[in-house]
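User: Please go through the helix packing and the buried core of this model with me. I would like short answers that show the reasoning.

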Amino acid sequence: MMDKSLFKLKGFKITFVLLFFISVLQGLAIIFQAKYLAITITNLFNGEKLSLQLLPIFLFSLFYLGRQFLTKVRDKKMATFASDAGSSIRQQFTKKLFKLGPNVTEIEGTGNLVTMALEGITQIETYIKLFIPKITNMVVIPVMVFAYTLLLDVKSALILLIVLPTLLFFMVILGIAAQKKADKQYETYRTLSNHFVDSLRGLETLRLLGLSKRYDRNIGDVSERYRKSTMGTLRFAFLSTFALDFFSSLAVAIVALFLGLGLINGEMMLLPALTVLILAPEYFLPIRDFGTDYHATLDGKNALQAINRIISLPEQEKQNDMSIPKWNEEASLQVSNLSLQYNESSQHSLKNLSFAWKGFGKIGIIGASGAGKSTLINVLGGFAHPTTANIQLNEVTMNGFDHQKWQEQILYIPQHPYIFNDTVAKNVAFYTPDASNEEIKAACERAGLTKVIQALPNGLEESIGESGRVLSGGQEQRIALARAFLDDTRKILLFDEPTAHLDIETEWELKQNILPLLENRLVFFATHRLHWMMEMDYIIVMNHGEIIETGKHEQLLQGNGYYKQLIQAQMHGTEEQHD
């Protein structure tokens with residue numbers, strides 16, 4: 001019933017002990033509140049004056065206010081604990097995502113991970129804030145009320161005891177059914193999140209291709225499935241609430257019936273009978289509260305399990321980063337038998353790749369869609385760890401590239417560079433935050449950004465990104481190039497389809513700015529646009545995750561292999577446009 005991961009939360013034990021202590025005090029307040037209320041009513045029924053009831057009324061009010069005060073203290077404590085726990089889980093989650101790299105985004109879906117990090121954490125906080133105190137009350141208060149009732153009237157206590165298992169049985173059965181519905185609802189919600197975020201990111205392309213209405217209908221269909229799933233979950237929640245209310249009310253009615261018969265037959269006094277009657281609803285109240293809030297916390301429980309699943313994903317142990325050498329013109333890299341398989345049930349994304357290089361140079365990676373170009377770039381950048389590999393970097397043996405000292409030497413330029421919600425200057429100085437304005441301007445000039453910056457009202461201080469001025473695809477790539485020009489210390493360049501979404505004219509202009517950047521560096525340039533290969537010193541031709549050809553452009557053209565087929569296919573316009 002309670003997720004085991006809750007016990008691992010920082011401060012959980014102290015919080016749980018405090019909640020247990022508060023529940024005991026609330027139980028005592030409930031008992032004494034009922035006792036003095038029953039005394040006041042009994043004395044008035046016996047004809048005593050109201051002025052003589054000031055003490056029991058005062059004591060009733062004192063315990064009533066004490067109960068409310070304890071509830072406020074508990075709620076405030078749980079709000080703080082839930083907030084701290086949510087912050088801790090968010091930090092663990094984001095830290096894990098950074099360690100796992102972009103591959104987990106591809107597997108889990110961007111929308112799903114965004115939903116986990118934002119709404120999921122909020123749902124977890126609600127789950128912690130409501131679930132733990134409710135279950136503590138459910139364990140403590142009914143036991144205390146039952147024990148006190150047993151002292152007053154054994155028959156009434158037995159009725160309460162007999163009804164409780166029935167109530168719990170229906171709560172468990174309906175809870176299991178609601179859990180299954182909630183799991184299905186959460187899966188639908190994940191699908192909806194992925195559809196929405198992915199469609200939002202590709203909205204410009206969808207509108208350009210005239211496919212926006214189709215995807216709009218697709219999101220509408222997923223939303224309708226989510227609505228139906230939510231309504232199905234709510235039906236079980238309402239049914240569970242009805243069952244709890246029905247059986248608890250029936251039990252109170254039976255208790256009242258027997259108490260009435262006892263009073264009529266003279267077998268029982270009014271004071272204990274009235275006390276038991278007041279306590280009977282309090283006996284069932286924690287169970288009813290728990291049953292009601294249980295359904296409200298199912299999403300939080302599912303979110304906690306989903307996030308813990310990501311946090312528990314295994315990480316590859318890194319070797320000592322201090323041994324990773326700086327890349328220079330004398331450095332050498334030899335890769336052999338490199339394979340990557342994301343899980344046991346999937347096919348190999350990369351299979352038995354082997355290549356070698358020494359010093360600076362430009363290595364082109366070419367292939368059709370799905371050939372594994374981007375996956376190889378991810379491995380080289382340390383974003384994905386190979387399943388098997390034998391990597392020799394100078395005299396250092398590695399089994400992957402996910403080393404901080406290696407990654408500190410890398411400049412990564414993807415197909416869609418991320419533009420932060422900040423000024424142009426700070427975006428350009430992303431790798432080198434201490435760069436001067438003169439250095440930033442020089443880098444922008446080399447990247448062909450000067451005219452763009454001059455056209456901006458605030459120049460380098462113009463805000464860009466999500467909440468600022470929107471840049472074109474070519475301008476975003478120039479920002480990424482300016483970052484690279486600004487940092488001359490990083491000698492390894494990774495390009496992943498940097499011009500795939502640009503038109504021919506923009507790509508040609510951008511190419512003139514990119515070519516000087518490639519000098520005196522080790523460059524891995526993955527693209528499906530073959531004209532770049534004429535600029536490369538060495539070409540790796542890939543197909544279905546394997547290297548099928550290597551060599552220079554002229555050498556590969558002389559053969560009648562896959563590379564020549566790619567050129568012929570692209571000349572006839574049949575080659576895919578995206579990896």
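**Core and helix packing**

User: Which residues does I124 touch, leaving out those up to four places away in sequence?

Analyst: The model is predicted, so local features need pLDDT of at least 70 and side-chain atom pairs count only at pLDDT 80 or more, while totals for chains, interfaces and linings use all residues. Residues are numbered from 1 along each chain as its sequence is written, and side-chain values use heavy atoms, with hydrogens and water left out. Contact means heavy atoms within 4.5 Å. With residues up to four places away in sequence not counted, I124 touches I89, G300, A303, L304 and I307.

User: Which helix supplies the largest share of the largest nonpolar core?

Analyst: A nonpolar core is a set of buried Ala, Val, Leu, Ile, Met, Phe, Trp, Tyr and Cys residues joined through side-chain atoms within 4.5 Å. The largest one has 55 residues, and L6, L9, I124, I128, I132, F284 and I307 touch the most other members. Helices (DSSP runs of H or I, at least four residues, numbered from the N terminus) that each supply at least two residues of this core include α1 (12-45), α4 (110-152) and α9 (298-311). The largest share, 14 residues, comes from α4.

User: Is E282 buried or exposed?

Analyst: E282 lies in helix α8 and touches I30, Q33, R67 and I141, not counting residues up to four places away in sequence. Buried means under 20% relative accessible area and exposed over 50%, with partly exposed in between (1.4 Å probe, protein chains only). Because its relative accessibility is 14%, E282 counts as buried.

User: How is α2 oriented relative to α9?

Analyst: Axes are lines fitted to C-alpha atoms, for helices over the stretch in contact, and angles run from 0 to 180 degrees between N-to-C directions. The axes of α2 and α9 are 9 Å apart, at an angle of about 40°. Angles under 35 degrees count as roughly parallel, over 145 as roughly antiparallel, 65 to 115 as roughly perpendicular and the rest as oblique. Therefore α2 is oblique to α9.

User: Which residues of α9 make the contact with α2?

Analyst: On the α2 side, the contact is made by I89, Q92, F93, K96, L97 and L100. On the α9 side, the residues are L304, I307, I310 and I311.

User: What is the orientation of α1 and α2 to each other?

Analyst: The axes of α1 and α2 come within 8 Å and cross at roughly 160°. The two helices, α1 and α2, are therefore roughly antiparallel.
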